[in-house]
Amino acid sequence: NGFIPITIFFFRELISNGCDAITKLKKLDMMGEYNFPEGHKNKVEVILDPEKKTLKFIDTGLGMTADEVEKYITQIAFSGATQFLEQYKDKTEGDQIIGHFGLGFYSAFMVADEVQIDTLSYKEGAAAVHWVSEGGTEYEMQEGNRTEVGTEITLYLNEDSLAFANEYRAREVLEKYCSFMPVEIFLSKANAEPEYETIDEADVLDTDEVVEHITEEPKEGEEGEPKQKAKIVKRPVSLSDIHPLWTKNPSDCTKDDYIEFYRKVFMDYKEPLFWIHLNMDYPFNLKGILYFPKINTEYDSIEGTIKLYNNQVFIADNIKEVIPEFLLLLKGVIDCPDLPLNVSRSALQNDGFVQKISEYISKKVQISLPECARLTENLMRNTGMISARLLNMAVLKMLSLQRKWEINVLFKNLD
């Protein structure tokens, strides 16, 4: 049904918390109330250890003092989680809570028997804090030994959740649900053997760990000077694209950018017919890209996917209460920070604000379609057709859209 499985969204919640902490510290740095150390790099690390059956989430955010741990973890987060679970318990499969935001830190206890927090606040003179709890209802807190500003959360996984300590499973979840978070995310395995790569000596960075300098002589029969290479510890690669295409100004995006993003997100290597870039700041904030996939034959799948985000945080696929029904045959992403999250699907159906969002998306498509059709008429004649099912649904839903399309629809001559 498009929702994140309830046993998985702890990944999103804990990483979102880390991203928020980093965002807040960056604002303090901009205001002159904190200065990042030289060479500092903000990131969220996920470190798994199959032998110890643990998952660690480490962020470089603003950290917490003992009083803040007491307030935000023990009081606010716990009461918020209790309220969330109370709200969730009576919902049927068809009336689930949108997004599941609110369970926050306590989502960790859905997969862990014990959770530990080690944190150090950015505030001058702050002492490190160590917090531990089994089950979430009772806890112990004492002075910790963390020396870097930020927070480390350690989950001691329960027997039903040991799969999350598997690197391939963790990577799969992160790439699916956290691939556009606004902070770089790195996944690693504890005590793993280092991997290496060889690069040109001129490309070595100050941050690289050089293992060996290599001189490559020209191959036999080839002319030229020896090449200077360097063997380095393989650079970590972020699992998160912190500047996804939909956040950019359409005038700054090229055709190749749109096609590359489409193929990356939807794993469809056919070039889309055309796309519509949504970019609205008032009266609500909404950004996104809708792609019209190429349908070459009547046997091609026309099942689409519209991914819904909130500030680059994945919520769900194909939320029909937000996205006009006829557009669910398209592929695309929509990011709307103003969308209410902890409400049920039935509540969304009667939400006037949500209806306005849906109407805006329909109107934007209605305005853009005729021009897009004219631009791609030749392409559609020779290599692809927009699904008749899509058009039928569209015109039935919106008579005004039907009038717009009267001069643009291409009909196949069945004679």
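# Reading the cores, sheets and pocket of a predicted model

User: Which residues have the most contacts inside the largest nonpolar core?

Analyst: In soluble globular proteins, nonpolar side chains tend to be buried together. In this structure, which is a predicted model, the largest nonpolar core has 57 residues, and F11, I15, L55, F105 and L155 are those with the most contacts inside it. Take F11 as an example: beyond its neighbours within four places in sequence, it is in contact with V46, L55, F57, F164, A170, V173, L174 and C178. Another core, of 27 residues, lies apart from the largest one and includes L308, I323, C336 and Y360.

User: What does the chain as a whole look like in terms of secondary structure, and what share of the residues is buried?

Analyst: The chain has nine helices and 15 strands. Of its 415 residues, 47% are buried. Counting contacts with a separation of 6 or more, 70% are between residues 24 or more positions apart.

User: What is the strand order in the sheet of seven strands, and which strands are at its edges?

Analyst: For a sheet, read the order first, then the edges, then the pairs. Here the order is β5-β4-β3-β6-β2-β1-β7, in an open sheet with mixed pairing. β5 (139-143) and β7 are the edge strands, each pairing on one side only. From one strand to the next the twist averages 15°.

User: Which helices pack on that sheet, and at what angles?

Analyst: Helix α1 (residues 10-30) touches β1, β2, β6 and β7, and its direction makes about 25° with that of β2. Helix α3 lies across β1 and β7 and runs at about 170° to β7. As for the strands under α1, β1 (residues 44-49) and β2 (residues 54-59) are antiparallel and paired over six bridges. One bridge sets V46 against F57 in β2. Both V46 and F57 are also among the contacts of F11.

User: How many residues of β3 are buried, and with which strands does β3 pair?

Analyst: Burial can be read along a strand, residue by residue. In β3 (residues 112-120), eight of the nine residues are buried, so the strand is largely enclosed by the rest of the structure. Eight bridges join β3 to β6 (residues 150-157) in an antiparallel arrangement, with T119 opposite T151. The pairing of β3 with β4 (residues 129-133) is also antiparallel and has five bridges; there V115 stands opposite S133.

User: Is S107 buried or exposed, and what is it in contact with?

Analyst: S107 lies in the loop between α2 (66-88) and β3. With a relative accessible area of 0%, S107 is buried. Its contacts beyond four places in sequence are F9, F10 and E13.

User: How is the sheet of five strands ordered, and which helix packs on it?

Analyst: This open sheet has the order β11-β12-β15-β13-β14, again with mixed pairing. β11 (274-280) and β14 (313-317) are at the edges with a single partner strand each, so one side of each is left without a neighbour in the sheet. Neighbouring strands are turned by 15° against each other on average, direction ignored. Between β11 and β12 (residues 286-292) there are seven bridges in the antiparallel sense, and W275 has Y291 of β12 as its bridge partner. Helix α4 (residues 255-266) packs on this sheet and touches β11, β12, β13 (305-310) and β15 (331-335); its direction makes about 85° with that of β12.

User: Where is H277 found, and is it buried or exposed?

Analyst: H277 is found in strand β11. A residue counts as buried under 20% relative accessible area, and H277, at 10%, is therefore buried. Its contacts beyond four places in sequence are L245, W246, K248, P250, C253, Y258, G288, I289 and K364. One of these, Y258, is 19 residues away in sequence, with a C-alpha to C-alpha separation of 9.5 Å.

User: What is the volume of the largest pocket, and which residues line it?

Analyst: Rolling a probe the size of a water molecule over the atoms shows where empty space is left. The largest pocket has a volume of about 980 Å³. Its lining has 24 residues, and L187, K234, R235, P236 and V237 lie nearest its centre. Both α3 (167-177) and β7 (185-189) supply at least two lining residues. The largest share, four residues, comes from β7, which is also an edge strand of the sheet of seven strands.

Notes:
Residues are numbered from 1 along each chain as its sequence is written. This is a predicted model: local features need pLDDT of at least 70, side-chain atom pairs count only at pLDDT 80 or more; totals for chains, interfaces and linings use all residues. Side-chain values use heavy atoms; hydrogens and water are left out. Two strands pair if DSSP finds at least two bridges between them. Axes are lines fitted to C-alpha atoms, for helices over the stretch in contact, and angles run from 0 to 180 degrees between N-to-C directions. Contact means heavy atoms within 4.5 Å. A nonpolar core is a set of buried Ala, Val, Leu, Ile, Met, Phe, Trp, Tyr and Cys residues joined through side-chain atoms within 4.5 Å. Buried means under 20% relative accessible area, exposed over 50%, partly exposed in between (1.4 Å probe, protein chains only). On a 1 Å grid over the protein atoms alone, a cavity is a set of points where a 1.4 Å probe fits but cannot get out, and a pocket is an open set with protein on both sides within 12 Å along at least five of seven lines; lining residues have an atom within 4 Å of a point. Grid points are joined across faces, edges and corners, and a volume is the space filled by probe spheres set on the points.
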